[in-house]
Amino acid sequence: MTKASAANGGWIDEHHEGVRYGLAGRVLVEEQSDFQRITVIESERYGKGLLLDGCWMTAEHQERHYHESLVHPALCAAAANERILVIGGGDGGTARECLRHPGVQHLDMVEIDGRVVELSQKHLASLGGGCWQDPRFHLTVGDGIAWAADCTHASYDVVIVDGSDPAGPAEGLFNRSFFEHCRRILRPGGVFATQSESPEAFLKVHIETVRLLKDVFGHADPLYGWVPMYPSGWWSWTFAAVDGPRYRHPDPERAARIAAACEIWSPRWQSGAFEAMPAFIERELLA
Ligand code: SPD
């Protein structure tokens, strides 16, 4: 069970399977939306941060680990990166990284919880940066699963899922029929990307997600990195494509332009991160 103890003597913790992952700080906002409990905090080390249903989502001074890893392998390698769909991502960090790519002409972001967007705009403004005003950016507050199901085929060059753990509103973001719609709405040469949990703290979900994506798309590979505030700190993102593992081969021109201003991502880092599959995961995936 995962829960946060927000008023725990100056510590804000996510509890997960007998371990606490905490930051020293104070709670700024705590409220129940129509979908989840939203907590905004001010931490000593990482600036302002966001929890949903007691689980760490992001924080100002470490969000780039997560958002750069999720976005750039896909946008640097899809055949085109003109039309992008982001499902979830209400804090704006994923959209911000996508919009750094000059090839992007239109980005739809479909976030189920409008309060996450409002509170992020107010308290975590650096996450979205200029995305909220960017004319290429189009926000819909609604159900991303229904959006994907209702889309006509071949609508997007890249589909990115930036959801929370598979419980509550994000549960349906990890199942076969959702992934099949994501494949259907990708243009030829398109790339799908999703956060795929921790190989330590969420091993079963991680393995099942990678297996399912391989089955649905034909090609899928996890990339391993870290998000220090998340359970275990060790995290993964999985990329999938129909026509081959094109996400492993960033276009050199796109990559050079983007990597110059990245904190974590570079073609070299990405290459190592795809190779950094631990032996026990390799065995599981081969089984
Ligand atoms: N266990 C946390 C998984 C959260 C993934 N989404 C984070 C949202 C950042 N934009």
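How many aromatic pairs does a search of the whole structure find? The search finds 14; rings of Phe, Tyr and Trp (its six-membered ring) are paired if their centres lie within 6.5 Å, with planes under 30 degrees apart counted as stacked, over 60 as edge-to-face and the rest as tilted. The close-ups below come from a predicted model, in which local features need pLDDT of at least 70 and side-chain atom pairs count only at pLDDT 80 or more, while totals for chains, interfaces and linings use all residues. Residues are numbered from 1 along each chain as its sequence is written, and side-chain values use heavy atoms, leaving out hydrogens and water.

**View 1. Tyr 66 and Trp 237 form an edge-to-face aromatic pair.** The ring centres are 6.0 Å apart, with 65° between the planes. Tyr 66 belongs to helix H1 (residues 63-75) and Trp 237 to strand E13 (residues 234-241), so this pair ties together parts that are 171 residues apart in sequence. Helices (H or I, at least four residues) and strands (E, at least two) are DSSP runs, numbered from the N terminus. Tyr 66 and Trp 237 are both buried, a word that here means under 20% relative accessible area, with exposed meaning over 50% and partly exposed in between (1.4 Å probe, protein chains only). Step back a little and you meet a cluster: ring pairs link Tyr 66 and Trp 237 with Phe 202, Tyr 230 and Trp 235.

**View 2. Tyr 247 and Phe 274 make a tilted aromatic pair.** Here the centre-to-centre distance is 5.9 Å and the planes are 40° apart. Tyr 247 sits in the loop between E13 and helix H8 (252-259), and Phe 274 in helix H9 (residues 267-275), so the pair ties together parts that are 27 residues apart in sequence. Both Tyr 247 and Phe 274 are buried. Helix H9 also holds Trp 269, which counts as buried at 17% relative accessibility.

**View 3. The ligand and the residues around it.** The shell consists of Trp 56, Met 57, Tyr 66, His 67, Asp 91, Asp 162, Gly 163, Asp 165, Gln 195, Tyr 230 and Trp 235; a residue is near a molecule or strand if one of its heavy atoms lies within 4 Å of it. Strand E6 (55-59) and H1 each supply at least two residues of this shell. For polar contacts, look for pairs of N or O atoms within 3.5 Å; within protein, one must be able to donate a hydrogen and the other to accept it, and residues adjacent in sequence count only if both atoms are side-chain atoms. A polar side-chain atom of Tyr 66 is 3.1 Å from a nitrogen atom of the ligand. A polar backbone atom of Gly 163 lies 2.9 Å from a ligand nitrogen, and an N or O atom in the side chain of Asp 165 lies 2.7 Å from a ligand nitrogen. Taken alone, the ligand exposes 340 Å², and the protein buries 99% of that (areas by the Shrake-Rupley method with a 1.4 Å probe; for residues, only the protein chains shown count as cover).

**View 4. Gln 195, a member of the ligand shell, and its polar contacts.** Gln 195 is found in strand E11 (residues 186-195). Is Gln 195 buried or exposed? Gln 195 is buried, at a relative accessible area of 2%. The Gln 195 side chain reaches the backbone oxygen of Gly 163 at 3.5 Å and makes a polar contact of 2.8 Å with the side chain of Glu 197.

**View 5. Glu 17 and Ala 154 have positive phi values.** Glu 17 is not a glycine, yet its phi is about 45°. You will find Glu 17 in the loop between strand E2 (11-16) and strand E3 (19-32), exposed with a relative accessible area of 60%. Ala 154 has a phi near 55° and lies in the loop between helix H5 (144-150) and strand E10 (156-162). Ala 154 is partly exposed, with a relative accessible area of 27%. The C-alpha atoms of Ala 154 and Arg 184 are 6.4 Å apart, although 30 residues separate them along the chain.

**View 6. Phe 239 in strand E13.** Phe 239 counts as buried at 0% relative accessibility. Phe 239 and Asp 221 are 18 residues apart in sequence, and their C-alpha atoms are 5.6 Å apart in space.
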